[in-house]
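Q: Please take a close look at the charged side chains and how they pair. Set them against the rest of the chain, and cover a few buried loop positions as well.

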Amino acid sequence: MTMRKIKLFIGGEWVEGASGKSEQVINPANEEVNAELCHAGPVDLDRALASAARGLEEWSAKSAWERGTIMRRGADLIRSRARDLAHQLTVEQGKPIAEAMGEIDRAADFLEWGAEEGRRIAARTIPNRDGSQFMTVERLPIGVVAALTPWNFPVVLAAKKLGAALGAGCSVVLKPSEETPGAVCQMIEAMVEAGLPGDVVNVVFGVPDDISRHLIAHPTITKVTFTGSVPVGKLLAARAGEVMKPVTMELGGHSPVIVCGDVNIDDTVAHAVNHKFHNSGQVCIAPTRYIVQRDIYEPFLEKFAARASEITVGDGLDPQTQMGPLANDRRVAAIQRMVSGAVDAGARLVTGGSRIGNQGYFFAPTVLGDVPLDSEIMTTEPFGPVALMVPYEAQADALEIANGVDYGLAGYVYTDDVTARQTIASGIKTGVVGVANGVSHFPEIPLGGWGDSGYGVEGGIEALDPYLKNKLVVSPRAKA
Ligand code: NAD
């Protein structure tokens, strides 16, 4: 049987790369090869860039209404194919099929949001001081966008960038993660079937560093947007800075969760455990560092660990599965290293702590207590199914621990006290705070990080701003 090939989308056609190079796409639940992924080299990238330049001409010449009609049709087609896309997503990324269905639906929502917001782009005219001039600010598509997206939510994270860029009238060269390419390609197929001109989105895969270097430096690209890790984000932002190109950076987090002594422990644990292990903890806004008031620390830790140990871990295609495998073998190795390092440094392993079985990248839901604040796992985003716990005495101590890292994406607080809710929510230095709640990213809300977690936001009425440039036109005004 010949292996299925996932191709590049360049100039409106699915093509193999000129070099013939490729890599295998692995199912993280059983380590079987799903497909062979074609790689793009410099020749292919230049073709993709030339196509995207043509795409910009064609797409930006359409009215926002026309663009929106195509995008909404694409979103509907994606919804109608949700089962196929979700299946592909699960066999590539590992998440439970119900979560995959949710991701596909949310991706369609983000495309639709971009379509709608595109219709609200408006120029404005500012009165000048003596009434002799019109001063009009036009808002124009920024140009051809290089969009680089990761493997944890491959479809929706690509859709956030596509929705905003296409809604603004831009064209895109998209490099999804090589580890989870298929479902994203199916989303693009649906968009093209819905009427998206073939040059407007080009999709490339290959060696990430070679591709980002080529795209960012190329004069055709006028905007860079990336979702991924902090180190890679800093590298790409530096490259873009050298050629003066604006960037949007959605990077990692290391979210604190302050649990005050007045909460109902059972209710809080039930909510917190579900939140923590969603997508096997591979979520940029995942709760990670639990800072728990000393009086309830031990029962909270024990109950949290007991509940975590009951999670059904398995193949995401099995409807009984509550948590799938990690996305790749690098994550298993990284989590194992960080957990062992923390235990060596004095942390208490309460549950989990190791890989499950030896086929598939399964890792047990893990809870560590008394984690030293200077251990690697407390200062570097673990990005996996690991909850870290430390006690606190006074609220000020809790905030000091919460804010003691360079990340600033999300933070959480559990308390029934209204005043404490307000002081802690405003004292946590992150771009988003969940009060007695998780945070889920819907298109209507802008989400972005502070500090090392990046800059710019995605979603909300701000979503299209990074993909637009201003042009001020000052012209004489006829006297009445
Ligand atoms: P990584 O840093 O090697 O890669 C992260 C992503 O960046 C991948 O999609 C990869 O293809 C891409 N990438 C890597 N080097 C690149 C380069 N030079 N140019 C362009 N793209 C490049 O890490 P990883 O092992 O794949 O993932 C683990 C880390 O990534 C986690 O610790 C987490 O911090 C981060 N991450 C964050 C998000 C997020 O939603 N913010 C998503 C996925 C991964």
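A: Burial is graded here by relative accessible area, computed with a 1.4 Å probe and protein chains only: buried is under 20%, exposed is over 50%, and partly exposed lies in between. The model is predicted, so local features need pLDDT of at least 70 and side-chain atom pairs count only at pLDDT 80 or more, while totals for chains, interfaces and linings use all residues. Residues are numbered from 1 along each chain as its sequence is written, and side-chain values use heavy atoms, with hydrogens and water left out.

The setting comes first. The chain has 14 helices and 23 strands; these are DSSP runs numbered from the N terminus, H or I of at least four residues for helices and E of at least two for strands. Along its principal axes the C-alpha trace spans about 75 × 70 × 40 Å. Of the 480 residues in the chain, 55% are buried. Among contacts (heavy atoms within 4.5 Å) with a separation of 6 or more, 74% are between residues 24 or more positions apart.

Now the charged pairs. A search of the whole structure finds 24 salt bridges, each a side-chain nitrogen of Lys or Arg within 4 Å of a carboxyl oxygen of Asp or Glu. Three of them can be followed in detail.

One salt bridge joins the side chains of R72 and E116, at 3.1 Å from N to O. R72 belongs to helix 2 (residues 64–80) and E116 to helix 4 (residues 97–118), so this pair links distant parts of the chain, 44 residues apart. R72 has 22% relative accessibility and is therefore partly exposed. E116 is also classed as partly exposed, at 24%.

Another salt bridge is formed by K303 and D266, whose closest N and O atoms are 2.9 Å apart. Because K303 sits in helix 10 (residues 294–309) and D266 in helix 9 (residues 265–277), the pair ties together parts that are 37 residues apart in sequence. K303 is partly exposed, with a relative accessible area of 36%, and D266 is partly exposed at 45%.

In the salt bridge between E376 and R337, the closest N and O atoms are 2.8 Å apart. This pair, too, links distant parts of the chain: E376 is in helix 12 (residues 376–379) and R337 is in helix 11 (residues 329–344), 39 residues apart. E376 is partly exposed, with a relative accessible area of 36%, and R337 is partly exposed at 46%.

Beyond these pairs, a network of salt bridges links D76, R79, D105, D109 and E112.

R331 is a contrasting case. This residue is found in helix 11. R331 is buried yet has no salt bridge, and E381, the nearest side chain of opposite charge, is 7.0 Å away; for charge, Lys and Arg count as positive and Asp and Glu as negative, with His and the chain ends not counted. Not counting residues up to four places away in sequence, R331 touches W151, Q282, L326, P382 and F383.

That leaves the buried loop positions. N27 is placed in the loop between strand 4 (22–26) and strand 5 (33–38). With a relative accessible area of 6%, N27 is buried. Apart from its neighbours within four places in sequence, N27 is in contact with E32, N34 and V91.

A347 lies in the loop between helix 11 and strand 15 (348–351). A347 is buried, at a relative accessible area of 7%. Residues up to four places away in sequence aside, A347 touches A342, G369, D370, V371 and P372. A347 and M389, 42 residues apart in sequence, are 9.2 Å apart in space, C-alpha to C-alpha.

G460 is in the loop between strand 22 (454–455) and strand 23 (468–476). Its relative accessible area is 0%, so G460 is buried. With residues up to four places away in sequence not counted, G460 touches W113, P443, E444, I445 and P446. G460 and P256 are 204 residues apart in sequence and 24 Å apart in space, C-alpha to C-alpha.
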